[in-house]
Amino acid sequence: MYKTILIDLDDTLWATQQNNKEAIHQLYLEEGWAGGYASFDHFWSVYWPSNEALWHQYRHSEITKYELTIERFRRPLEAIRHFTEEEILRFNDRFLHLSSHKEGVVEGAIELLQYLKTLYKVVVVSNGFTEVQRRKMEVSGIAPYIDVTVLSEEVGISKPYKGIFDQALSKTGTRRGEAIMIGDSWDADILGAQNAKLPSIWFNPEQLPFPEQSLRYPVTEVTRLDEIPALLRQTI
């Protein structure tokens, strides 16, 4: 029987892609970046895949937070002109302010949290930056349902490494057999759970193909958050 639910924040609970797209669009209009692109959708099609690739590198300690911050804007802005690092840092500060005040949540997220809160300790385990993650949870209404928040920047370990999951278990006094991880990222959340010797639920709304990998610990796939309570009830 599970006592603690470890759960990802970005694009599992908080609608990261939607919220970030809205924030970037506002920044795009404010800064007059349209001159370098046929449309905002064209700009976004360059920005988002590059940003995702940079986050993958950051999770695996291949680049620093500063490099991620600079490169995610420098690359798409190259089509317009050269921007200084000072300018890019200003863009980044504005983006973080705009995005962290967005209220969008993944469909079914609040209902899932309401259910989980009645039965389990709920722990957010996130690789996001400290200065925005807690604000995002407050603004979106997620915070009241969370018992503990474990952020990679605060503990010095990112998903998918075992240590961040160990921190979550330690902070809640949870044995390894009493916890399960829920998340949308196969690389960070599901392989992270494997590294931590934990079962997991892969939230896969885009219905990506199930990776052909050898797994030692159980992984259950769902495409909607409202499928999760029934799965958990099977373990009670």
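Let's start with the charges: in the protein chain, the mean positions of the 25 positive and 34 negative charges sit 7 Å apart. Keep in mind that this is a predicted model.

Now for the overall build. The protein chain has ten helices and six strands. Its C-alpha trace spans about 55 × 35 × 35 Å along the principal axes. How does the radius of gyration of the protein chain fit with a compact globule? A compact globule with 236 residues would come out near 18 Å, and the protein chain has 18 Å, so the two agree.

Here are some whole-chain figures, all given as percentages.

| Feature of the protein chain | Value |
|---|---|
| Buried residues, out of the 236 residues | 51% |
| Contacts between residues 24 or more positions apart, out of those with a separation of 6 or more | 63% |
| Share of the exposed area supplied by carbon and sulfur atoms | 49% |

That last row refers to the surface of the protein chain, which exposes about 11000 Å².

Finally, let's zoom in on one residue, L119. Where along the chain does L119 have its place? Look at helix α5, which covers residues 109–119. L119 has a relative accessibility of 43%. Because partly exposed covers the range between under 20% (buried) and over 50% (exposed), L119 counts as partly exposed. You can also pair L119 with V222: they are 103 residues apart along the chain, and their C-alpha atoms are separated by 20 Å.

Notes:
Residues are numbered from 1 along each chain as its sequence is written. This is a predicted model: local features need pLDDT of at least 70, side-chain atom pairs count only at pLDDT 80 or more; totals for chains, interfaces and linings use all residues. Side-chain values use heavy atoms; hydrogens and water are left out. Helices (H or I, at least four residues) and strands (E, at least two) are DSSP runs, numbered from the N terminus. The radius of gyration is taken over C-alpha atoms; the globule rule is 2.2 Å times the number of residues to the power 0.38. Buried means under 20% relative accessible area, exposed over 50%, partly exposed in between (1.4 Å probe, protein chains only). Contact means heavy atoms within 4.5 Å. Accessible areas come from the Shrake-Rupley method with a 1.4 Å probe; for residues, only the protein chains shown count as cover. Lys and Arg count as positive and Asp and Glu as negative; His and the chain ends are not counted. The place of a charge is taken as NZ of Lys, CZ of Arg, CG of Asp or CD of Glu.
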